[in-house]
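Welcome to a short tour for anyone meeting this structure for the first time. Take a look at the chain below, and then we can walk through some of its features together.

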Amino acid sequence: MNKELTREERTDALGGMGCKRKRVEDARFTQGKGNYVDDIKLPGMLHGDFVRSPYAHAKVVSINTDAAMALDGVVAVLTAADLAPLGLHWMPTLAGDKQMVLADGKVLFQGQEVAYVVAKDRYIAADAVELVEVEYEELPVLTDPFAAMESDVVLREDLMGEGGALPDGAHGPRKHHNHIFTWEVGEKEATQQVLDEADVVAEEMVYYHRTHPCPLETCGCVASMDKVNGKLTLHGTFQAPHAIRTVVSLISGIEEHNIRVISPDIGGGFGNKVGAYPGYVCSVVASIVTGVPVKWVEDRMENLMTTAFARDYHMHGKISATKEGKITGLWCHTTADHGGFDACADPTKFPAGFMNICTGSYDIPTAYLAVDGVYTNKAPGGVSYRCSFRVTEAAYFIERMVEILAIELNMDAAELRRINFIKKDQFPYQSALGWEYDSGDYHTAWDKALKAVDYDGLRAEQAQRVEDFKAGKTRKLMGIGLTHFTEIVGAGPVKNCDILGLGMFDSCEIRIHPTGSAIARLGTISQGQGHATTFAQILATEIGLPADSITIEEGDTDTAPYGLGTYGSRSTPVAGAATAMAGRKIRAKAQMIAAYLLEVHDDDVEFDVDRFVVKGAPEKFKTMKEIAFAAYNQAIPGIEPGLEAVSYYDPPNMTYPFGAYVCVMDIDVDTGVTDIRRFYALDDCGTRINPMIIEGQVHGGLTEALAVALGQEIAYDDMGNVKTGTLMDFFLPTAWEVPNYETDHTVTPSPHHPIGAKGVGESPHVGGVPCFSNAVNDAFRAFGLRHTHMPHDHWRIWKTANELGLHG
Ligand code: MCN
Ligand code: CUM
């Protein structure tokens with residue numbers, strides 16, 4: 001007989017929570033066996049491609065498709081005129097606006113979809129795109145949201161009422177024809193009064209530039225209408241497959257049970273794949289019209305120029321404090337550039353996402369935030385790129401304002417943070433802008449971080465460097481970037497979070513097979529986060545079967561329970577909770593089966609790692625494997641056969657992960673070249689399911705943060721031309737630019753989450769961007785710099801040095 005394993009050995013054998021389980025997905029990814037949208041090839045499949053506008057704002061006078069149609073292999077060319085009879089030339093956006101599917105009389109941004117060509121292959125489609133003749137009449141272009149709010153030029157005639165009246169938008173009254181919404185939180189007058197009476201006020205315009213997540217795989221889909229059975233199958237790069245199914249049903253009129261949406265492997269989403277794009281609608285229509293499958297996959301330029309961008313927030317801030325440095329108030333007015341259509345993917349009641357987490361990690365008694373959304377001639381979107389619904393903007397804003405306040409107070413920025421942190425015993429903490437932070441221990445994290453990098457030593461070195469620079473001994477300055485961020489993730493309670501009326505719960509359904517293995521399906525969808533690995537770990541611990549014996553499946557709406565998908569780092573806080581809760585239902589039934597098999601009362605058995613044991617008699621037990629078999633092969637009085645459970649989880653609150661980051665950077669004043677000497681990242685995401693996956697998430701998020709802070713942007717010229725529409729101009733960091741990251745953690749569990757876990761996917765980006773930016777700004781603090789805008793590329797840094805008179 002086998003030697004009986006110890007409790008510890010049995011625990012290890014499960015590969016459950018807390019272990020560095022290797023990613024099960026990687027077997028296929030590293031061998032080129034992933035199954036992405038473009039790998040899907042259906043019999044008779046046609047290919048779609050878009051004619052796109054070269055102009056940022058123009059009337060579409062005429063479209064002539066004759067030459068394109070005459071090309072051999074072209075099957076159809078769709079224009080708005082073809083979609084109009086179906087009511088599909090416009091579609092609803094997730095933000096309550098509507099967006100043209102194909103140009104309906106005008107275009108509002110460069111790259112906007114004008115016509116959709118369907119052909120036998122991708123090359124013919126591309127050739128035919130060139131043959132479509134479109135006559136445009138250029139209109140004045142607005143690329144600056146402040147100018148747009150003053151301009152007579154009307155971007156959205158479709159939103160004008162009779163005689164120039166201005167009807168309300170989806171989020172209330174509008175101030176101007178290019179205005180989308182005003183969103184206000186907090187106390188305006190009280191905050192103004194605090195600012196008026198304060199010892200010290202720091203004021204700054206903090207601009208977080210427009211950027212783009214640029215996932216390796218672009219967006220795409222394959223639509224396949226089976227006219228015989230009336231079933232539509234839509235494969236695509238969807239971060240929210242169920243929501244896409246519901247939206248497709250609502251706009252097409254096809255009953256939801258006749259639509260199957262499948263997200264296969266996704267090569268990075270980063271929020272870029274949350275929304276609905278014209279390509280999806282056109283592909284569905286084309287498949288319905290032609291009766292054969294139609295594939296549409298963007299190229300890189302299309303992805304960069306037209307799909308959901310990120311940020312573009314102009315944040316005007318004022319922060320007040322006593323002369324000892326106690327923050328007394330925060331005021332922020334944000335002008336948000338949403339482009340030609342408001343296609344942000346925020347929860348409905350939050351048109352500026354969770355920007356009102358902008359009080360950050362600090363106990364700020366009085367605050368006020370107003371956000372004005374504005375239309376411009378740029379691509380639509382705004383919520384993407386590891387943003388937690390505008391938390392990136394909020395964290396950047398407050399972490400810059402705190403640095404500027406430190407300058408104003410002539411104080412050390414680390415100390416200023418320390419004296420303003422929310423204290424451990426203040427949690428659950430009610431913020432001035434309406435959130436209830438669930439848990440945190442910021443002082444412990446901060447002290448650990450500063451100690452790890454020898455903060456005092458770094459400051460001494462920096463002071464010496466400044467002396468040396470002034471003495472002409474060096475041309476390099478040293479910056480110390482600090483950040484303590486607090487995130488809000490896990491949308492969310494259904495009572496205040498929905499998208500298009502769909503409550504933001506999530507789900508998990510588990511089926512235990514007779515031989516003691518299992519499949520669990522979730523309403524979320526991994527795009528690289530490793531859900532198949534980590535959700536099996538949650539279950540292994542909850543139900544006592546090895547993680548290796550549990551298959552995790554996501555992304556097929558015909559099989560997975562309804563869920564709202566993966567974004568806003570919500571999978572662990574919401575679907576992870578559902579997984580634990582469904583696991584507990586399995587365990588509850590298993591307990592009854594075990595008690596029956598062991599011939600004792602239900603209450604006389606207890607769960608022990610992978611089995612139920614009789615209390616006080618550890619030699620009497622039934623393993624979960626045995627119980628699973630019994631569930632299928634024995635008639636147990638009063639208990640249904642089988643072992644399955646489902647949980648739909650509506651979280652009581654969001655989770656509030658946080659982190660303390662330090663970046664040490666050297667800057668060559670003459671070239672503007674930055675060298676990141678050190679980057680230390682301490683994250684607290686509560687209970688840690690898989691430390692290795694967390695570390696991977698942190699490395700990825702920091703690298704994307706480096707990109708954004710130091711060079712990446714979607715830039716426009718005055719005519720609305722995208723100046724960074726290719727990877728020649730759009731900075732994508734490689735191993736060359738990436739430093740060696742040091743990761744660390746503290747663990748402050750979420751009190752309301754069944755396993756105490758908080759999200760982490762977006763944290764490193766949220767905290768990383770201000771940390772890199774603060775390092776650049778800090779390097780020049782001794783020379784009088786208060787604030788300079790991102791991206792801090794070499795040219796801009798050189799210019800900053802030049803403006804400060806450091807070039808001689
Ligand atoms: N995790 C953990 N312990 C925790 C929290 C999380 O082990 N306490 C694990 C999770 O189990 C999961 C991963 O870390 O495997 C990320 O979990 P979570 O924080 O819940 O985030 P989501 O799974 O909801 O992922 C979304 C988040 C977002 S919004 C963006 S944007 C982003 C990000 O994830 N996009 C990514 N990370 C990405 N990583 C990759 N590779 N590709 C993307 O597109
Ligand atoms: Cu805002 S990027 Mo993520 O939420 O998919």
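## A buried pair of opposite charge

Glu399 has a relative accessible area of 0%, so this residue is buried. This is a predicted model, so please read each value here as a computed one. The partner of Glu399 is Arg417: the two form a salt bridge in which the closest N and O atoms are 2.8 Å apart. Because Arg417 sits in helix α12 (residues 413-420) and Glu399 in helix α11, their pairing ties together parts that are 18 residues apart in sequence. Arg417 is buried too, because its relative accessibility is 0%.

Side chains of opposite charge can pair when their charged atoms come close. How many salt bridges does the count come to? The count is 53.

## A neighbour in sequence, and a network

Next along the chain, Arg418 forms a salt bridge with Asp447, with the closest N and O atoms 2.3 Å apart. Here the link runs from helix α12, where Arg418 lies, to helix α13 (residues 442-453), which holds Asp447, so parts 29 residues apart in sequence are tied together. Are these two buried or partly exposed? Arg418 is partly exposed, with a relative accessible area of 27%, and Asp447 is partly exposed at 36%.

Some salt bridges share partners. In this way Glu4, Arg7, Arg10, Asp608, Asp610 and Arg611 are joined into one network.

## A long-range link and a copper atom

Arg386 and Glu704 also meet through their side chains, in a salt bridge of 2.9 Å from N to O. This pair links distant parts of the chain, 318 residues apart: Arg386 is in the loop between β18 (381-382) and α11 (391-409), while Glu704 belongs to helix α18 (residues 691-710). Both Arg386 and Glu704 are buried.

The loop between β18 and α11 is also the place of Cys387. Which protein atom is a donor to the copper atom of ligand 2? The SG atom of Cys387, at 2.1 Å, is the only protein donor.

## Open and closed spaces

Rolling a probe the size of a water molecule over the atoms shows where empty space is left. The second largest pocket holds about 560 Å³ of space. It is lined by 27 residues, and those closest to its centre are Tyr207, Glu713, His789, Met790 and Arg796. At least two lining residues come from each of β10 (200-211), β15 (309-321) and α20 (794-803), and α20 gives the largest share, with 4 residues. Sorted by class, the lining of this pocket has 12 charged, 8 nonpolar and 7 polar residues.

The model also has 5 cavities of 30 Å³ or more. In the largest cavity there is about 150 Å³ of space. Its lining is made up of 17 residues, and Gly275, Ala276, Tyr277, Ala308 and Ala343 lie nearest the centre. What classes do the lining residues of the largest cavity fall into? There are 11 nonpolar and 6 polar residues, and no charged ones.

## An annotated domain

One last stop comes from a record. An unreviewed UniProt entry carries the annotation "domain: Aldehyde oxidase/xanthine dehydrogenase a/b hammerhead" for residues 31-140. In the model, residues 31-140 are 36% strand and 17% helix, and the C-alpha atoms at the two ends are 51 Å apart.

How values were computed: Residues are numbered from 1 along each chain as its sequence is written. Chains are lettered from A and ligands numbered from 1 in the order in which they are written. This is a predicted model: local features need pLDDT of at least 70, side-chain atom pairs count only at pLDDT 80 or more; totals for chains, interfaces and linings use all residues. Side-chain values use heavy atoms; hydrogens and water are left out. UniProt positions are given in the numbering used here, feature names are shortened, and annotations may be inferred rather than shown by experiment. A salt bridge is a side-chain nitrogen of Lys or Arg within 4 Å of a carboxyl oxygen of Asp or Glu. Buried means under 20% relative accessible area, exposed over 50%, partly exposed in between (1.4 Å probe, protein chains only). Donors are N, O and S atoms within 2.8 Å of the metal (3.2 Å for Na, K and Ca); water is not among the atoms, so sites may look incomplete. On a 1 Å grid over the protein atoms alone, a cavity is a set of points where a 1.4 Å probe fits but cannot get out, and a pocket is an open set with protein on both sides within 12 Å along at least five of seven lines; lining residues have an atom within 4 Å of a point. Grid points are joined across faces, edges and corners, and a volume is the space filled by probe spheres set on the points. Ala, Val, Leu, Ile, Met, Phe, Trp, Tyr, Cys and Pro count as nonpolar, Asp, Glu, Lys and Arg as charged, and the others, Gly among them, as polar.
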